[in-house]
Protein chains: 2
Amino acid sequence: MTYCVGMILDRGLVLMSDTRTNSGVDNISVFRKMFTWNVQGDRIITVMTAGNLASTQAVISQLEERTKAPDERDNILLKSPTMFQVATEIGKLLRTIIAERQNANGDRGKGRFTASIIVAGQIAGMEPRLFMVYPEGNFIEASHDTPFFQIGETKYGRPIIIRGYDRTMSMEDAVKLLMVSFDSTLKANLSVGLPLDLQVIERDVFEPAHEHRVTHDDPYFRSISSSWGDALKSAFHSLPDYSFVGE
Amino acid sequence: MTYCVGMILDRGLVLMSDTRTNSGVDNISVFRKMFTWNVQGDRIITVMTAGNLASTQAVISQLEERTKAPDERDNILLKSPTMFQVATEIGKLLRTIIAERQNANGDRGKGRFTASIIVAGQIAGMEPRLFMVYPEGNFIEASHDTPFFQIGETKYGRPIIIRGYDRTMSMEDAVKLLMVSFDSTLKANLSVGLPLDLQVIERDVFEPAHEHRVTHDDPYFRSISSSWGDALKSAFHSLPDYSFVGE
């Protein structure tokens, strides 16, 4: 499995992804699922992937035209006029790659090789944007009503984001929120694993404002993980008590 | 979907289930998923069901021998010598009912009609016990290491139980914990819905110590739901702040 979250705030975008891939519980690897391209002063585009690893790696490789010699490569994302166009191109590529693998495998291919992608970024002169691209190639965009997208193992970490998110929050608070959401998920599901990749994109700054890989011995993540348990317990005990009397 | 939790504590058992069943989002009904049989001074047995409603209703009806005239009925659960035997009988019945429906529908029946059941209770002279019965008819028993079982839409409400559970907690605190877990699930997933059924079984008391149906206007559930949002926010803000500096 996988867990990735992309969040849009007034100040920009905050993105976090895990790195675990597994094919069964006895075949576990670490693969980066967050990929960034940027052109100073012009654009920054980050994608996060969930689903079949061969499919998502094929998307990234084809975006970068790795079939060509290095000096002949031409990344279509760096020339797209808008983020909408970026999401469209990624959707086309994703749909084509999945369909090829499925068709090549006949009946056995049905419903396999699927993947989803979160696309985040900003192009100069336009707003920061956040999209979720489906395996069918279509996509949706984040809005004031739905300002974050999750892909992969989304359920354990969702309640805290629903309660804690605020569009006006600081980037630091957004990072803290994602750390808590990932901690809850890691505690409940083996298919999501450390290290985590974190990226902060500030509005109108066309390079990552902050990037960090959270490993097992990361002091901040460890302090969140241990103090969240205590904080939750205090929160829980602060709630009104239930009483059996009078029922 | 469904959400049911059974929890074993030093003082007894606490059980909660929702009542929503849906076949698509446009066909929603309320059905009780918690069923209790008890004999004063001798035994109390409660089951909670998730999965195909026709299958789980068939299990309950056959347990009560509703095919027979009322005065000829004989509930096998009331004569089983141990809770282990109760779980075995329910497992047999569940497996048989699912297999019948599947076989009757040939290829179209594969993987359908499945259901899971939580079985909780105590028989005089023995400990309170908690089991989870799978569609295949086999089952597992709760232990000190895994002292609660969830069935249905289990993920949203799991992190808070993992953090909040304590075997020595009071029954009232256990009810509070389940209220929070259900609130998180209800907020995230339409397929779990009010009203909720709550039952508390105290050790060596062979009738429900407390039963309650939580409806939309339940003042306690409403106060938990609203104060949990605030309590979570305070808990969140009590955590150490993240800093971009020095990375």
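This report covers the interface between chain A and chain B and a set of salt bridges in a predicted model.

**The interface**

The contact draws 46 residues from chain B and 45 residues from chain A. Together the two chains bury about 4,300 Å², and 68% of that area lies on carbon and sulfur atoms. Across this interface there are 18 residue pairs in polar contact, both residues being at pLDDT 80 or more. On the side of chain B that touches chain A, the elements giving two or more residues are helix 4 (158–164), helix 5 (171–188), strand 11 (196–202), strand 12 (210–214) and helix 6 (219–238) of chain B. Helix 6 of chain B supplies the largest share of that side, 14 residues. By residue type, the side of chain B that touches chain A divides into 24 nonpolar, 10 polar and 12 charged residues.

**Symmetry**

A turn of 180° with a shift of 0.0 Å along the axis lays chain B on chain A with an RMSD of 0.0 Å. That is the relation of a two-fold axis. In chain B, the C-alpha nearest the axis belongs to B:Tyr156, at 2.4 Å from it. Of the interface residues of chain B, 98% are also interface residues in chain A, so the copies meet through the same surface.

**Salt bridges**

Over all chains the count comes to 30 salt bridges, and 6 salt bridges are found across the interface of chain B and chain A. The table lists some of the pairs.

| Pair | Closest N to O distance |
|---|---|
| B:Glu153 and A:Lys155 | 2.9 Å |
| A:Glu153 and B:Lys155 | 2.9 Å |
| A:Asp18 and A:Lys33 | 2.7 Å |
| B:Lys187 and B:Asp183 | 3.1 Å |

For the bridge between A:Glu153 and B:Lys155, A:Glu153 lies in the loop between strand 10 (148–152) and helix 4 (158–164) of chain A, and B:Lys155 lies in the loop between strand 10 (148–152) and helix 4 of chain B, so the pair joins two chains. A:Glu153 is buried, with a relative accessible area of 4%, while B:Lys155 is partly exposed at 25% relative accessibility.

The bridge between A:Asp18 and A:Lys33 links distant parts of the chain, 15 residues apart. A:Asp18 sits in the loop between strand 2 (12–17) and strand 3 (20–22) of chain A, and A:Lys33 in the loop between strand 4 (28–30) and strand 5 (34–39) of chain A. Both A:Asp18 and A:Lys33 are buried.

B:Lys187 and B:Asp183 are 4 residues apart in helix 5 of chain B, which means that about one helical turn separates them. B:Lys187 is partly exposed at 41% relative accessibility, whereas B:Asp183 is buried at 2% relative accessible area.

Finally, A:Arg32, A:Asp197 and A:Arg213 are linked in a network of salt bridges.

Definitions and conventions
Residues numbered from 1 in each chain as written. Chains lettered and ligands numbered in written order. Predicted model: local features only at pLDDT ≥ 70, side-chain atom pairs only at ≥ 80, totals over all residues. Heavy atoms only, no water. Contact = heavy atoms within 4.5 Å. Buried area = accessible area lost by both parts, 1.4 Å probe. Salt bridge = Lys/Arg side-chain N within 4 Å of Asp/Glu carboxyl O. Polar contact = N/O pair within 3.5 Å; in protein donor to acceptor, adjacent residues only side chain to side chain. Nonpolar A, V, L, I, M, F, W, Y, C, P; charged D, E, K, R; others polar. Least-squares fit on C-alpha atoms with pLDDT ≥ 70 in both. Buried < 20%, exposed > 50% of the residue type's maximum accessible area, 1.4 Å probe, protein only.
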